[in-house]
Amino acid sequence: MQKVEAVRKKDAVWVQQGSRKSQTEWDGRSNLSCGALLRREREKRGISQEKLSRGLLSRASLKRLEEGEIGWTKLTGDALLQRMGIAVDYFEETASGEELDRWRLREDICLLILSEPVKAWEKLVEYREKYRYREKMEEQFLKKMELVLCLLERKTQGEEISSIMERILKKWQKKSVKEDGIVRTSREEGAEEAVLLKLGREAVEETIPGGLKNGIGKLWLSPSELEAVLLFAMALEVCDRKKEAHELLEAVWNYPKIHQWEERMSVLILPQAALLFITFAIKEQNWKGVFYYGKEALELLRRNYSQRYLLSLIEGLGMVRGKTQEEKEYQSMMEGFGRCFRSIYQWLHIPEHRMWQGIGVENTWDVGVVLRMLRKFQGKSYEKAVYDDGEQVITSRQLMRIEKGQSKPSHATYERLLKQYGKNGGWVATIVETDSPKDLEARQRIATMIGFGQWEEAEWEIKKLRGRLDEKLPKVQQELRLWDAIFLWKRNHALEESLEMMKEALRHTMPDTAGRMPEWWVYQREEAMIINNMAAVCRKLGKLEEATEWVKAVLHSMKQQRTRTGIAHTGYDVLVDGYDILLVDRGCIDEALKLDKEALHIYMKSAQIRCLASIFYRIAWNTYEIASQDAEKREEHQSIWKKAYQTSEILADFMYDFRHKAFLEEDCRRKKFLN
């Protein structure tokens with residue numbers, strides 16, 4: 001009982017970190033792993049602790065974070081990585097239920113703010129009241145949203161949004177808004193401008209102490225912080241301080257290039273900057289160079305399969321006076337893409353215009369949900385699940401609260417629970433020790449080469465990567481084994497041998513599922529990839545039932561994980577694609593079509609839309625096949641499959657998906673769907 005009480009006291013520890021209190025201290029390998037990665041990448045770039053931490057946390061706190069002594073939170077941790085130009089979607093992480101609930105509420109604000117600003121304001125107020133302790137990035141987000149609402153009020157002059165402006169003004173009355181030496185505390189002439197500038201400065205200075213006096217070129221900033229600078233530039237322009245506004249805008253546009261960001265990072269800020277260039281040009285009727293910015297941002301979105309601010313950019317570019325015939329043709333092409341995306345948004349009842357957060361959760365796992373799922377996988381009750389080698393780790397009541405997201409365990413407790421559930425092989429480290437950005441980039445290149453059948457190139461990349469990896473680690477062994485299996489399948493056509501090798505790879509991190517419920521296992525990205533490949537091989541071998549059971553298990557698992565955020569984990573789209581084919585092979589076309597439509601709704605919640613063209617083709621194909629089996633449905637369904645097929649073609653063009661485009665343009669398909 002004394003041991004249990006000691007654990008209870010440890011789990012109740014509150015650690016002050018920045019402006020937010022973290023409910024527990026994660027004191028194990030998770031912190032050490034995250035901190036080691038952060039330190040390694042910082043030192044590689046020659047950045048001092050003081051410069052990297054500036055405005056987010058103290059140098060001493062960053063030192064402790066790098067040494068694994070204090071808890072890693074997703075928002076601050078990811079912001080630190082992004083400040084170094086590292087795309088955080090490379091990594092799989094774990095977070096508390098509360099962290100993900102906060103993300104979801106911020107996402108609701110983003111979805112509402114441009115189309116339903118009053119509701120967005122209500123959510124913003126709810127956020128402040130519900131979460132009294134906030135990290136600096138959270139506070140900056142809220143101030144940015146307040147500034148957006150003020151800017152919208154000036155643009156729309158609507159009665160409801162004007163009432164929001166009044167509330168913000170009253171809030172600032174208490175702070176004696178002072179601008180140019182004049183104190184204004186009511187909605188008199190100039191008061192609104194003073195509020196805009198004050199809000200803009202405060203949003204910036206939340207993470208950039210001292211503001212922008214010396215520029216941003218030598219600062220280490222994340223896309224979310226650069227967005228605050230853009231909003232301040234917009235406030236300056238509204239207040240007729242055009243020179244300062246344009247200087248800030250140019251500085252943000254050039255920032256990714258100066259700091260050598262890769263495109264997957266640049267796409268988080270350049271579309272917003274291009275939109276501001278267009279906004280300024282329209283207001284000032286000065287079109288010099290603005291077409292370049294709009295086109296650069298749109299091409300960046302196309303190359304990175306992203307819908308971030310896409311429709312807003314297309315509409316904005318359409319208002320720019322194109323000079324050359326080439327520019328006019330480009331505008332016309334973009335208008336076609338705009339009609340296509342607008343049609344998709346309207347069909348799915350998705351806001352056509354919204355804000356986007358700088359940090360996503362596609363690879364983030366909810367600690368409580370993880371523990372609940374693994375307990376069910378093992379078939380254990382709360383009472384039996386709290387023991388490790390006969391020793392009680394926590395009480396069943398504590399475990400119940402953790403699973404519900406009401407509290408967060410210490411990492412020592414979390415690790416012991418994972419161990420008895422059979423989850424190991426790298427899982428306990430939030431960011432795996434071997435996952436450097438360089439290695440992850442190499443892994444993506446290898447996957448692309450294998451996809452295109454570039455076997456010699458892939459072998460060479462694998463050989464180089466092996467030299468940097470510790471092959472004793474289970475996850476490394478798993479990945480190398482999977483590549484060997486894919487080579488056997490794709491190049492040597494040894495299907496049975498390949499399937500057995502994939503199952504062997506899976507066992508490096510996953511226990512035997514005999515007598516258990518595999519749908520409750522928490523599948524990591526690599527495990528999901530293995531099962532997707534296993535299903536494809538099983539299908540070729542005629543083992544449709546086995547393939548179906550595996551894919552269904554992973555999709556069920558992913559569904560549990562998105563309960564807090566609504567966002568599907570990485571790999572969901574690929575699994576759905578494979579499952580659709582399996583269902584069709586088994587004659588379950590109605591079920592396949594239902595799956596595709598559900599997946600489309602889920603998939604469009606993310607900025608990444610890489611498989612969108614493929615989903616629309618499957619909808620076209622399945623709708624056509626259903627109508628073929630029932631003549632009465634043919635006329636009813638014809639417009640659906642025709643529109644879905646044409647949408648798939650347009651999307652393939654938009655994303656430069658030449659393989660899918662060639663697939664669609666084969667005569668047999670065009671005649672089938674368009675005649």
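This report walks through a predicted model of a single chain, from its overall make-up to a few helices and residues.

## The chain as a whole

Let's start with the broad view. The chain holds 33 helices and 8 strands. Of its 675 residues, 57% are buried.

Contacts in this chain often link distant parts of the sequence. If we take contacts between residues at least 6 apart in sequence, 72% of them join residues at least 24 apart.

## Helix α14 and its surroundings

Helix α14 covers residues 270-284. With 15 residues at 1.5 Å each, α14 should span 21 Å, and its end C-alpha atoms are indeed 21 Å apart, which agrees. Just after α14 comes Gln285, which has a positive phi, near 55°.

How many of the residues of α14 are buried? The count is 11 of the 15, so α14 is largely enclosed by the rest of the structure. You can find these buried residues at Leu270, Pro271, Gln272, Ala273, Ala274, Leu275, Leu276, Phe277, Ile278, Phe280 and Ala281. The elements that cover them include α11 (223-238), α12, α13 (263-266), α15 (290-303) and α16 (310-318).

## How α12 packs on α14

Two packed helices can be described by the angle between their axes and the distance between those axes. Helix α12 (residues 242-258) and helix α14 have axes that come within 9 Å and cross at roughly 150°. An angle over 145° counts as roughly antiparallel, and α12 and α14 are therefore roughly antiparallel to each other. Their crossing is left-handed.

On the α12 side, the contact is made by Lys242, Ala245, His246, Leu249, Glu250, Val252, Trp253 and Pro256. From α14 come Leu270, Ala273, Ala274, Leu276, Phe277, Phe280 and Glu284. Sorted by class, this contact has 11 nonpolar, 1 polar and 3 charged residues.

## Helix α18, another enclosed helix

Next comes helix α18, residues 367-378. Its 12 residues, at 1.5 Å a residue, should span 16 Å; the end C-alpha atoms lie 17 Å apart, which agrees.

Because 11 of its 12 residues are buried, α18 is largely enclosed by the rest of the structure. The buried residues are Val367, Gly368, Val369, Val370, Leu371, Arg372, Met373, Leu374, Arg375, Phe377 and Gln378. Both strands and helices help to cover them, including β3 (93-95), β6 (364-366), α19 (382-385), α20 (396-403), α21 (411-421) and α27 (544-561).

## Two roughly parallel pairs

Which way do α22 and α24 run relative to each other, parallel or antiparallel? The axes of α22 (residues 437-451) and α24 (residues 474-490) come within 12 Å and cross at roughly 10°. Angles under 35° count as roughly parallel, and so α22 and α24 are roughly parallel to each other. They cross in a left-handed sense. Here Arg443, Ile446 and Ile450 in α22 meet Glu479, Trp483, Ile486 and Phe487 in α24. This contact has 5 nonpolar, no polar and 2 charged residues.

Now look at α26 (residues 525-540) and α28 (residues 572-585), whose axes come within 10 Å and cross at roughly 20°. That angle makes α26 roughly parallel to α28. The crossing of α26 and α28 is left-handed. Ala528, Asn532, Ala535 and Arg539 of α26 make contact with Val574, Leu575, Gly578, Ile581, Leu582 and Asp585 of α28. By class, there are 6 nonpolar, 2 polar and 2 charged residues in this contact.

## Two residues to look at

Glu66 sits in helix α4 (residues 59-66). Is Glu66 buried or exposed? Its relative accessibility is 2%, so Glu66 counts as buried. Setting aside residues up to four places away in sequence, Glu66 touches Gly35, Ala36, Leu38, Arg39, Arg42 and Gln49.

Trp621 belongs to helix α30 (residues 612-628). With a relative accessible area of 25%, Trp621 is partly exposed. Beyond its neighbours within four places in sequence, Trp621 is in contact with Val584, Lys672 and Phe673. Another residue to find is Arg669: it lies 48 residues from Trp621 in sequence, and the two are 9.5 Å apart in space, C-alpha to C-alpha.

Notes:
Residues numbered from 1 in each chain as written. Predicted model: local features only at pLDDT ≥ 70, side-chain atom pairs only at ≥ 80, totals over all residues. Heavy atoms only, no water. Axes fitted to C-alpha atoms, helices over the stretch in contact; angles between N-to-C directions. Helix = DSSP H or I, 4+ residues; strand = E, 2+ residues; numbered from the N terminus. Parallel < 35°, antiparallel > 145°, perpendicular 65-115°, else oblique. Left-handed = near helix turned anticlockwise from the far one by under 90°. Contact = heavy atoms within 4.5 Å. Nonpolar A, V, L, I, M, F, W, Y, C, P; charged D, E, K, R; others polar. Expected span 1.5 Å × (residues − 1). Buried < 20%, exposed > 50% of the residue type's maximum accessible area, 1.4 Å probe, protein only.
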